[in-house]
Amino acid sequence: STATMMGATFRPICESEKKKYGIAKGLVVADPGTGSFFRQSQMKKGFVITNINNIAVGAVAELQQQLASGGNIQVAGFYPGVQGVYYYTIQASGEE
């Protein structure tokens, strides 16, 4: 299931993606949109979020909970086919 938060749309990774990337869970940025999430991060479509504030995430509800808490959150993950881990700091809106 997908969810839209701060103008961006997210979905859990599927089983084939888990195998392909060698990870147990994660969230895909299905559409970065043009809202505050994108404006703060310039994150691109397809980015795989693996951790938020150093906690592994795989469910949209986990991301919603972190964003609802307000304050700065650190998003970590990778772009498929690109080496390295990318980190983004997002000022959470404090709303779901």
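These legends go through several views of one predicted protein model.

The model is predicted, so local features need pLDDT of at least 70 and side-chain atom pairs count only at pLDDT 80 or more, while totals for chains, interfaces and linings use all residues. Residues are numbered from 1 along each chain as its sequence is written, and side-chain values use heavy atoms, with hydrogens and water left out.

**View 1. The whole fold, with three helices and seven strands.**
Starting at the N terminus, the order of elements is β-β-α-β-α-β-β-α-β-β. The protein is as compact as a globular protein of its length, because its radius of gyration of 12 Å is close to the 12 Å that the globule rule gives for 96 residues. Here helices (H or I, at least four residues) and strands (E, at least two) are DSSP runs, numbered from the N terminus. The radius of gyration is taken over C-alpha atoms, and the globule rule is 2.2 Å times the number of residues to the power 0.38. The C-alpha trace spans about 35 × 25 × 20 Å along its principal axes.

**View 2. The surface and the inside of the protein.**
Of the 96 residues, 39% are buried; buried means under 20% relative accessible area, exposed over 50%, and partly exposed in between (1.4 Å probe, protein chains only). About 5200 Å² of the protein is exposed, and carbon and sulfur atoms supply 48% of that area. Accessible areas come from the Shrake-Rupley method with a 1.4 Å probe, and for residues only the protein chains shown count as cover. Among contacts with a separation of 6 or more, 48% come from residues 24 or more positions apart; a contact means heavy atoms within 4.5 Å.

**View 3. Strand 6 beside strand 4 and strand 7.**
Strand 6 (residues 71-78) runs antiparallel to strand 4 (residues 48-52), and four bridges join them. One pair to look for is Ile52 with its bridge partner Val75 in strand 6. Strand 6 also pairs with strand 7 (residues 86-92), again in the antiparallel sense, over seven bridges. Gly71 has Ala92 in strand 7 as its bridge partner. Two strands pair if DSSP finds at least two bridges between them.

**View 4. Strand 3 beside strand 2 and strand 4.**
Four bridges link strand 2 (residues 8-12) and strand 3 (residues 27-31) in the antiparallel sense, with Thr9 opposite Asp31 in strand 3. Strand 3 also pairs with strand 4, antiparallel and over two bridges. Here you can find Leu27 opposite Ile49 in strand 4.

**View 5. Asn72 and its surroundings.**
Asn72 sits in strand 6 and counts as exposed, at 53% relative accessibility. Leaving aside neighbours within four places in sequence, Asn72 is in contact with Asn53, Thr89, Ile90 and Gln91. The C-alpha atoms of Asn72 and Ile90 are 5.6 Å apart, although the two residues are 18 apart in sequence.

**View 6. Two loop residues with positive phi, Met6 and Gln42.**
Met6 is not a glycine, yet has a positive phi of about 50°. Met6 lies in the loop between strand 1 (3-5) and strand 2 and is buried, with a relative accessible area of 14%. Gln42, also a residue other than glycine, has a phi near 60°. The loop that holds Gln42 lies between helix 2 (36-41) and strand 4. Gln42 is partly exposed, with a relative accessible area of 46%.
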